[in-house]
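Trainee: Could you walk me through a protein model, one question at a time? I would like to practise reasoning from what I see to an answer.

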Amino acid sequence: KKLPPVRPYEIPVEDYVELNLRAGNDLVYLGHVWELGRKNYIDAEGRKHYVDGVMKTRDSLKDVWYPDLGEFERDIAGVLKAIDGTGLGFKYTATQAPFLVTTAVGYQDYYMALYDDPQFIRDFQALLEEFCVRELEMALTYPIDVIQVSFIAFSKAGLMMSREMVEEFELPSLRRRVRMIKDAGKPVSLHIDGNFTEMMPELIALGIDVVNPVEPCEGLQDIYQLKAQYGGRMAFHGNVDLAGVLVYGTPEQVAQDTREHLERLSPGGGY
C-alpha cells in the first residue's frame with residue numbers, strides 16, 4: 001500500500017491544517033522543495049528519498065530551470081485561508097541558493113568543488129540567487145508570522161569548510177535574507193544541522209531569533225549549556241534526538257526525554 005504524500009506542499013491544505021490542529025501544533029509550516037538537479041529514490045512504501053545531485057559540471061548549468069512563483073504564492077494564500085479562525089500561526093521557509101546548489105551538485109561533490117572549481121559554484125549560485133530573492137520578497141507581502149532560513153555548513157563535529165569559504169559561499173546569501181526579513185518586521189528562524197556552537201556569537205549578531213533543531217552531537221553540543229550562556233538573546237527549538245531516543249526509544253523514553261527538555265529549558269522562556 002502506498003503512503004500518502006508527507007511533505008507540506010503535497011498534502012491538501014485542509015488536511016494539513018487539520019493534522020496540525022490534531023497534533024497540538026502552534027504553527028503551520030510550509031516549505032517548497034525546488035527539485036533542481038535532484039536524484040531521488042522512491043521506496044517500496046512510496047516515500048521519496050534524496051540520493052544525490054546530478055549537476056556536477058559547468059556544462060550542467062544549461063539545464064537550470066525555475067519553478068512557477070505563482071504556484072508558491074497560491075500555496076501561501078491557501079494556507080492563510082485555511083488557518084483563518086483556527087488560532088494557528090504560519091511559518092514559511094524560503095529557498096536559498098547555497099542549499100539549492102549543494103543538493104543539485106550532491107553534498108560530497110559540492111564540497112570537493114569548493115576546492116577544485118570554486119568559480120563553478122559561484123556561477124551556479126548566481127544563477128539561482130535572484131529567483132530566491134524574488135520568492136522571499138513575495139512571501140514578505142503576506143501576513144506570515146515567522147520566516148525560516150537555512151545554513152548548511154556543519155557536521156556533528158563542526159564546520160565542514162573553512163571560515164573563509166563560509167564567508168564567501170554561505171553568509172552573503174544568509175545575511176541578505178535576514179536583513180530583508182528583519183526590515184519587514186518579522187522574526188527569523190534558522191534551520192541549522194550539526195554542531196554550530198562555535199558560531200553562536202555570529203548568529204546572534206546576524207539577528208537570528210530562534211535556531212532549530214539544535215542537533216545532539218555526541219557531547220560536542222549541549223542545548224542546556226547553550227540556553228545557560230545565550231538564553232535571552234536567542235531561542236532554541238528541538239533537540240530531541242532523531243538518531244537516538246526518538247527512533248530507538250520506547251514511547252515512555254521519548255516522553256521522559258521530552259519532559260526533561262521542557263522542565264529544564266522552558267523556565268524564563270526561549271524554548
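**Reading the model**

Trainee: How does D123 count by its relative accessible area?
Mentor: Its relative accessible area is 27%. Buried means under 20%, exposed means over 50%, and partly exposed is in between, using a 1.4 Å probe and protein chains only. That value therefore makes D123 partly exposed.

Trainee: Before we go on, how are residues numbered, and what kind of model is this?
Mentor: Residues are numbered from 1 along each chain as its sequence is written, and side-chain values use heavy atoms, with hydrogens and water left out. Local features need pLDDT of at least 70, side-chain atom pairs count only at pLDDT 80 or more, and totals for chains, interfaces and linings use all residues, as this is a predicted model.

Trainee: Which residue forms a salt bridge with D123?
Mentor: Side chains of opposite charge can pair when their charged atoms come close. A salt bridge here is a side-chain nitrogen of Lys or Arg within 4 Å of a carboxyl oxygen of Asp or Glu. For D123, the closest N and O atoms are 2.7 Å apart, and the partner is R58.

Trainee: How many residues apart in sequence are the parts that this pair ties together?
Mentor: D123 lies in helix α5, while R58 lies in the loop between β3 (48–53) and α2 (69–83). Helices (H or I, at least four residues) and strands (E, at least two) are DSSP runs, numbered from the N terminus. The salt bridge therefore ties together parts whose separation in sequence, in residues, is 65.

Trainee: What is the distance between the closest N and O atoms of K156 and E215?
Mentor: K156 lies in the loop between β6 (154–155) and β7 (158–159), and E215 in the loop between β9 and α8, so the pair ties together parts 59 residues apart in sequence. K156 is partly exposed at 28%. The two form a salt bridge, and their closest N and O atoms are separated by 2.9 Å.

Trainee: Why are R264 and E260 separated by about one helical turn?
Mentor: These two form a salt bridge, with the closest N and O atoms 2.9 Å apart. R264 is partly exposed at 47%, and E260 is partly exposed at 29%. Both sit in helix α10 (residues 251–265), and the turn follows because they are apart by 4 residues.

Trainee: What order do the strands take in the open sheet?
Mentor: There are 6 strands in this sheet, and the pairing is parallel. Two strands pair if DSSP finds at least two bridges between them. β1 (27–31) and β10 (235–236) each have a single partner strand, so they stand at the edges. The order is β1-β4-β5-β8-β9-β10.

Trainee: What angle does the direction of helix α6 make with that of β5?
Mentor: Helix α6 (residues 163–183) packs on the sheet and touches β5 and β8 (188–191), where contact means heavy atoms within 4.5 Å. Axes are lines fitted to C-alpha atoms, for helices over the stretch in contact, and angles run from 0 to 180 degrees between N-to-C directions. The angle is about 175°.

Trainee: Is F124 buried or exposed?
Mentor: F124 is in helix α5 (residues 118–139). Leaving aside neighbours within four places in sequence, its contacts are L36, M55, L61, V64, V101, A104 and V105. Its relative accessibility is 0%, so F124 counts as buried.

Trainee: Which residues make the nonpolar surface patch?
Mentor: Patches are made of residues with over 30% relative accessible area and no salt bridge, with like charges joined within 9 Å and nonpolar side chains (Val, Leu, Ile, Met, Phe, Trp, Tyr) within 5 Å. Areas come from the Shrake-Rupley method with a 1.4 Å probe; for residues, only the protein chains shown count as cover. One member, Y248, counts as exposed at 69%. The patch covers about 470 Å² and is made by L242, L246, V247 and Y248.

Trainee: What phi does V214 have, although it is not a glycine?
Mentor: V214 is in the loop between β9 and α8, and V214 is buried, with a relative accessible area of 0%. Its phi is positive, at about 50°.
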